[in-house]
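Visitor: Could we go through this model together, a topic at a time? I would like to start with how helix packing is described.

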Amino acid sequence: MELIRALDAVEGIERYRISSIEPNLLTDEIIDFCAQSRAFMPHFHIPLQSGSDEVLRLMHRKYDTNLFRSKIEKIKSLMPHAFIGVDVIVGTRGERDEYFEDAYKFIESLDITQLHVFSYSERPGTKALEIPYAVSPEVKHERSQRLLALSAEKTRRFYESAIGSTRPVLFEHT
C-alpha cells in the first residue's frame, strides 16, 4: 500500500492502472484508494483463471469464486464505470464439461468488461500432468470461442454504457 501511495504522488505521471494482481492480493484498501486516487484509473486487470471452484482447487489457487465476486462487486460499488479485464484459462487438466459450464455461468454473471482467454498447454515436469482427464484440442477451441463471444458481448455493453458521457483523454502521442 505504501508503494501505491508513493506512486500516486509522483509528479509528471498522469495515469496508472492496476494490472495482473491476484484477487487475494487486491485488498479493499487498494480498491478504496484507487477510487479516490489522483492517478490510479478505474481500470483493473485481475486473473480469474477459472470460474469453477473445483478447477481453482486443482490449480492450487489461493482464492475461490466467492472472493473473486466480492472484489468485482467492491470495485463496481465505488467505481461503477470501471473497466475490469479478466484472464481465463480453458481446457486445464481436470476441467470436465460440468466444471466449464459452472465457470461460464459464473463469468457470465460478473459485471466485467473483457476476457483474455488462453488455452491450457501442457508443460513437461509440472504437477498438472498428474491430474487425470485431459481436454481435447477441439474442446479447448470450442470453449475459447464461447468465452470470446461472451467477452465481445460484455465489451459492447461496456462501450454502450459510456455513450453520451464525457471522459478525460490522455494522448500518448500527438
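Guide: A definition is needed before the helices: an angle under 35 degrees between axes counts as roughly parallel, and one over 145 degrees as roughly antiparallel. Please note also that this is a predicted model.

Visitor: Understood. At what angle do the axes of α5 and α6 cross, and within what distance do they come?

Guide: The axes of helix α5 (residues 97-109) and helix α6 (residues 137-161) cross at roughly 5 degrees and come within 11 Å. With angles under 35 degrees counted as roughly parallel, α5 and α6 are therefore roughly parallel to each other.

Visitor: Which residues in α5 and α6 meet?

Guide: From α5, the residues are Asp97, Phe100, Glu101, Tyr104, Ile107 and Glu108, and they meet Arg143, Arg146, Leu147, Leu150 and Lys154 of α6.

Visitor: And how does that contact of α5 with α6 divide by class?

Guide: The contact of α5 with α6 has 6 charged residues, 5 nonpolar and no polar.

Visitor: Turning to the sheet, in what order do the strands come?

Guide: The sheet is open, with 4 strands in the order β1-β2-β3-β4 and parallel pairing. β1 and β4 each have a single partner strand and stand at the edges, so one side of each lacks a neighbour in the sheet. From one strand to the next, the twist averages 15 degrees.

Visitor: How many bridges join β2 to β3?

Guide: β2 and strand β3 (residues 83-90) run parallel and are joined by 6 bridges. Isoleucine 46, for instance, has valine 86 in β3 as its bridge partner.

Visitor: Which strands does α6 lie across?

Guide: α6 lies across β3 and β4, and runs at about 170 degrees to β4.

Visitor: Now the pockets. How much space lies in the largest pocket, and which residues are closest to its centre?

Guide: The largest pocket holds about 660 Å³ of space. It is lined by 19 residues, and Arg15, Met41, Pro42, Arg167 and Pro168 are the closest to its centre.

Visitor: Which element gives the most to that lining?

Guide: β2 gives the most to the lining of the largest pocket, with 3 residues. By class, this lining has 12 nonpolar, 4 charged and 3 polar residues.

Visitor: What about the second largest pocket: what volume does it have, and which residues lie nearest its centre?

Guide: The second largest pocket has a volume of about 350 Å³. Of its 18 lining residues, Leu58, Met59, Tyr120, Ala128 and Ile131 lie nearest the centre. At least two lining residues come from each of α3 (53-58) and β4 (114-119).

Notes
Residues are numbered from 1 along each chain as its sequence is written. This is a predicted model: local features need pLDDT of at least 70, side-chain atom pairs count only at pLDDT 80 or more; totals for chains, interfaces and linings use all residues. Side-chain values use heavy atoms; hydrogens and water are left out. Axes are lines fitted to C-alpha atoms, for helices over the stretch in contact, and angles run from 0 to 180 degrees between N-to-C directions. Angles under 35 degrees count as roughly parallel, over 145 as roughly antiparallel, 65 to 115 as roughly perpendicular and the rest as oblique. Contact means heavy atoms within 4.5 Å. Ala, Val, Leu, Ile, Met, Phe, Trp, Tyr, Cys and Pro count as nonpolar, Asp, Glu, Lys and Arg as charged, and the others, Gly among them, as polar. On a 1 Å grid over the protein atoms alone, a cavity is a set of points where a 1.4 Å probe fits but cannot get out, and a pocket is an open set with protein on both sides within 12 Å along at least five of seven lines; lining residues have an atom within 4 Å of a point. Grid points are joined across faces, edges and corners, and a volume is the space filled by probe spheres set on the points. Two strands pair if DSSP finds at least two bridges between them.
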